[in-house]
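Here are my notes on the model you sent, set out as numbered points. Please read them with the coordinates open beside the text.

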Amino acid sequence: MNKSYCFNLFLCGTLLASFFNMLCDSVADPTDGFTPVRLTEDNFNLQRPYDVPLRKRYSFKNGVRRLWVYAHDKSHAPESHTKPRTEVRIKGLDYSSGVWQFEGNAYVPNGTTGVTIFQIFGAPKHTHATTMMLRIHDGNMRYYSRDMVSPDIYDRWFKVNVIHDVDRGEIYVFIDGVQKYQTKGRGPGKFYFKCGVYAQKNMSNYMESRWRDIKIYNKY
């Protein structure tokens, strides 16, 4: 066997190994190294238009939480001046340090637009109400209404993992196990996770998202 052939064989093997490692890294489980936090239904606090019965804006069947809202709906409290929402607020797991992670499988039907489906609530006082939002605009998921996170998400289930490293001030977003976005936080505060539908500018008349297998993880 000549040296040139051996070298080419070695080079091909090296390239294949590198490609395999890159492929494995790209689909690595973002929950590796994290500890799951026990959740019960008591941790799922529902917010919906205050004058509408919960059953008319929320259902929980066969493990799927379906949340919907209309553009003409009222806010979640009489004294609130915010836009309409139907959201799950993860209750009892507020945090201000460490590394926390939200995981859930989501589904957004075609036509839902101008709406936040996930948020990290909390920020330094007198600056912002939230540290990050994932919004849907015409089938694309964006960081607030700005940076693209993931395109073409209508009418399919996709896994969402959001990691908030409070101490380092970093936020990472994974879609279907692949990191799609990274950004800085907004500083110290008390935080918690929310998911569902929260109307924004240029909202559709009807907004809906569905969630299943919601989990929370942390590490210190």
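1. In which sense do β6 and strand β11 (residues 158-165) pair, and over how many bridges? In this predicted model, the pairing of β6 with β11 is antiparallel and runs over eight bridges. As a point of register, Asn-105 has Lys-159 of β11 as its bridge partner.

2. β6 also pairs with strand β15 (residues 206-219), again in the antiparallel sense and over eight bridges. Here the register can be checked at Phe-102, which stands opposite Ile-216 in β15.

3. The burial of β6 deserves a separate remark, because nine of the nine residues of this strand (residues 99-107) are buried, so that the rest of the structure largely encloses it. In a regular strand, side chains alternate between the two faces of the sheet. In β6, Val-99, Gln-101, Glu-103, Asn-105 and Tyr-107 point one way, while Trp-100, Phe-102, Gly-104 and Ala-106 point the other way, and the residues of both sets are buried.

4. For the chain as a whole, the secondary structure consists of one helix and 15 strands. Of the 220 residues, 49% are buried, and the chain exposes about 11700 Å², of which carbon and sulfur atoms supply 52%. Among contacts between residues at least 6 apart in sequence, 68% join residues at least 24 apart.

5. An open sheet of seven strands, with antiparallel pairing, follows the order β2-β5-β14-β7-β8-β9-β10. Its edge strands are β2 and β10 (148-150), each of which pairs on one side only, and from one strand to the next the twist averages 20 degrees. Within this order, strand β8 (residues 130-137) and strand β9 (residues 140-143) pair in the antiparallel sense over four bridges, and His-137 has Asn-140 in β9 as its bridge partner.

6. Is Pro-49, which lies in the loop between β2 (44-47) and β3 (58-61), buried or exposed? Pro-49 counts as buried because its relative accessible area is 0%, where the cut-off for burial is under 20%. Leaving aside neighbours within four places in sequence, Pro-49 is in contact with Arg-57, Val-69, Asp-73, Lys-74, Ser-75, His-76, Arg-85 and Thr-86. For Thr-86, which is 37 residues from Pro-49 along the chain, the C-alpha atoms of the two residues are separated by 7.0 Å.

Terms used
Residues numbered from 1 in each chain as written. Predicted model: local features only at pLDDT ≥ 70, side-chain atom pairs only at ≥ 80, totals over all residues. Heavy atoms only, no water. Helix = DSSP H or I, 4+ residues; strand = E, 2+ residues; numbered from the N terminus. Buried < 20%, exposed > 50% of the residue type's maximum accessible area, 1.4 Å probe, protein only. Contact = heavy atoms within 4.5 Å. Areas by Shrake-Rupley, 256 points an atom, 1.4 Å probe, with all protein chains shown as cover. Pairing = 2+ DSSP bridges. Axes fitted to C-alpha atoms, helices over the stretch in contact; angles between N-to-C directions.
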